[in-house]
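Thank you all for coming; I would like to walk you through one structure this morning, going from the whole chain down to a few single residues. Please have the sequence and the model open while I talk.

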Amino acid sequence: MATSREQAKQEQQLPPPDGDFYGLIGTLSQEDRDLLSQVRAFMQEKVAPIINDYWMRDEFPFEVLPAMSDLGIAGLAYEGYGCPGKGTVLDGFVTMELSRVDPSMATFQGVHSGLAMGSIYLCGSEEQRQKWLPQMARMEKIGAFGLTEPEIGSGVAGGLTATARREGDEWVLNGQKKWIGNATFADVTVVWARDLADDTVKGFLVEKGTPGFTAEKMENKMALRAVQNALITLDECRVKEEDRLQNANSFKDTAKVLRMTRVGVAWIAVGCGMGAYEHALAYAQQREQFGRPIGGFQLIQDLLVQMLGNVTASQCMILRLSQMQDAGEMKAEHASLAKAFATTRTRETVALARELLGGNGVLINYDVGRFFADAEAIHSYEGTRQVNSLIVGRAITGFGAFL
Ligand SMILES: Cc1cc2nc3c(=O)[nH]c(=O)nc-3n(C[C@H](O)[C@H](O)[C@H](O)COP(=O)(O)OP(=O)(O)OC[C@H]3O[C@@H](n4cnc5c(N)ncnc54)[C@H](O)[C@@H]3O)c2cc1C
């Protein structure tokens with residue numbers, strides 16, 4: 001027999017947790033909204049039930065890849081080469097949907113579709129695009145992107161130590177790459193190295209199993225644990241000239257890829273904050289203390305409103321950024337501002353969400369703890385807040401302050 005309080009609760013229609021407070025998804029076409037609904041269903045049905053377990057075990061859920069590939073979201077923004085050509089705005093919303101349930105899956109997609117496919121799309125020859133992009137769009141081949149090194153992270157623009165030496169029709173690669181997402185299993189890794197002859201940075205497509213290429217899984221991460229990051233060692237690794245990215249002539253071309261993918265990381269950040277907010281709100285609606293749902297306490301509502309403000313401000317900012325990107329108006333400083341802002345706001349949002357859950361906020365099976373930890377990695381990868389601030393600072397003041 002239900003108590004009168006339970007009956008009253010059943011009768012009361014509580015608003016469903018929804019981090020799209022300004023209805024931005026509603027501005028998309030019906031066709032685009034249908035795709036987003038499919039992505040949402042995939043994440044809720046296939047990923048949400050298993051991801052905490054994979055995250056705790058530090059493993060990637062390969063079992064969901066066939067269903068993810070059926071969504072047709074790899075290379076979503078690119079034109080031609082088997083890619084849907086849907087533009088950056090929809091790509092961004094899809095990224096947000098992935099991250100809203102799990103930032104590790106969004107990061108997997110960001111590395112494969114953004115960094116790896118993006119390098120080939122922006123810096124590859126016609127033949128390289130024809131060879132790789134259609135099978136990567138179908139996710140038959142998975143990509144990775146190797147730029148960061150053990151001793152060089154923020155300073156990659158001028159300081160890469162991995163080297164490329166030309167010998168006839170081949171290049172010989174030497175050095176190490178650290179943190180490389182997907183690289184333990186990727187079919188192809190884009191490796192960036194400095195040409196010993198002219199000192200410029202070049203990109204190389206290194207296929208799995210190439211002699212001299214080893215990718216060792218990095219253990220013990222406290223964030224994005226389902227993402228498989230590798231320490232890559234290149235030891236006299238030979239790559240054919242035809243596998244050098246033909247239109248990557250200096251770090252400026254690498255930077256074009258990063259400018260594009262930083263937008264994606266901003267969407268990952270906002271999805272992470274949105275997921276944490278929605279879980280926190282659902283919890284506040286059902287968790288009772290002092291005889292009533294904690295969502296009815298003024299101080300808890302204030303936490304939720306702070307979170308929602310962060311999420312909504314970030315969404316609006318990044319939507320405009322993606323519109324600028326689609327219109328060809330986006331500069332590096334525009335992407336950097338959004339990446340730095342969204343990740344900083346998300347860091348606050350996930351901390352407030354964790355606080356709202358009390359002790360349960362540190363239990364992984366309540367999800368918010370996973371978002372809390374994952375936000376830390378998102379804050380640092382693809383340019384830390386400081387590095388992105390310096391990019392914006394240089395643009396607005398006219399003074400470069402990197403050194
Ligand atoms: C989970 C995860 C996944 C990743 N995936 C990939 C990947 O797939 N491919 C890839 O190539 N890389 C990847 N990275 C690497 C990532 O891009 C780097 O970690 C990031 O660029 C920062 O480099 P770093 O870790 O070496 O830090 P450092 O560069 O050593 O920075 C340390 C601190 O110094 C600050 N700092 C540095 N320079 C300045 C300056 N001039 N002024 C003020 N402060 C400064 C930084 O902001 C930071 O706080 C990944 C990282 C993580 C954590």
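**From domains to single residues**

The domain assignment divides the protein chain into domain 1, residues 25-137, domain 2, residues 143-243, and domain 3, residues 251-397. Please keep in mind throughout that this is a predicted model.

Let me begin with how domain 1 and domain 3 meet. Their C-alpha centres are 19 Å apart, and 25 residues of domain 1 make contact with 28 residues of domain 3. On the domain 1 side, the elements that give two or more residues to this contact are helix H2 (30-57), helix H4 (87-101) and helix H5 (103-123). If you sort the residues of that side by character, you find eleven nonpolar, twelve polar and two charged.

Stepping back to the chain as a whole, the secondary structure comprises twelve helices and eleven strands. The C-alpha atoms fill a box of roughly 85 × 50 × 40 Å along the principal axes, and the radius of gyration is 22 Å, which agrees with the value near 22 Å that a compact globule of 403 residues would have. Buried residues make up 49% of the 403, and of the contacts with a separation of 6 or more, 74% are between residues 24 or more positions apart.

What lies inside? The largest nonpolar core has 121 residues, and those with the most contacts within this core are Leu173, Phe204, Ala266, Ala280 and Ala353. Helix H8, residues 251-286, gives the most to this core, with 18 residues. If we take leucine 173 and leave aside residues up to four places away in sequence, leucine 173 touches Ala162, Ala164, Val191, Ala193, Phe204, Leu234, Cys237 and Val239.

I would now like to spend a little time on helix H10, which covers residues 332-356. Is H10 largely enclosed or largely open to the outside? Of its 25 residues, 18 are buried, so H10 is largely enclosed by the rest of the structure. At 1.5 Å a residue, those 25 residues should span 36 Å, and the end C-alpha atoms are indeed 36 Å apart, which agrees. After H10 comes glycine 358, with a positive phi near 55°.

Within H10 sits glutamate 333, which counts as partly exposed because there are 16 C-beta neighbours inside 10 Å, and a buried residue would need 20 or more. Not counting residues up to four places away in sequence, glutamate 333 touches Ile391, Val392 and Ala395. Glutamate 333 and valine 39, by contrast, are 294 residues apart in sequence and 30 Å apart in space, C-alpha to C-alpha.

Finally, let us look at two backbone angles. Most residues other than glycine have a negative phi. Aspartate 367, in the loop between helix H10 and helix H11 (368-380), has a positive phi near 70°, and aspartate 367 is buried, with 26 other C-beta atoms within 10 Å. Leucine 224 also has a positive phi, near 45°, and lies in the loop between strand S8 (213-217) and strand S9 (229-240). Is leucine 224 buried or exposed? Leucine 224 is buried, because 27 other C-beta atoms lie within 10 Å, and the cut-off for a buried residue is 20 or more.

That is where I will stop, and I am glad to take questions.

Note on methods:
Residues numbered from 1 in each chain as written. Predicted model: local features only at pLDDT ≥ 70, side-chain atom pairs only at ≥ 80, totals over all residues. Domains from an automatic or database assignment. Contact = placed C-beta atoms within 7 Å. Helix = DSSP H or I, 4+ residues; strand = E, 2+ residues; numbered from the N terminus. Nonpolar A, V, L, I, M, F, W, Y, C, P; charged D, E, K, R; others polar. Rg over C-alpha atoms; globule rule 2.2 N^0.38 Å. Buried ≥ 20, exposed ≤ 12 C-beta atoms within 10 Å, placed from the backbone. Core = buried A, V, L, I, M, F, W, Y, C linked by C-beta atoms within 7 Å. Expected span 1.5 Å × (residues − 1).
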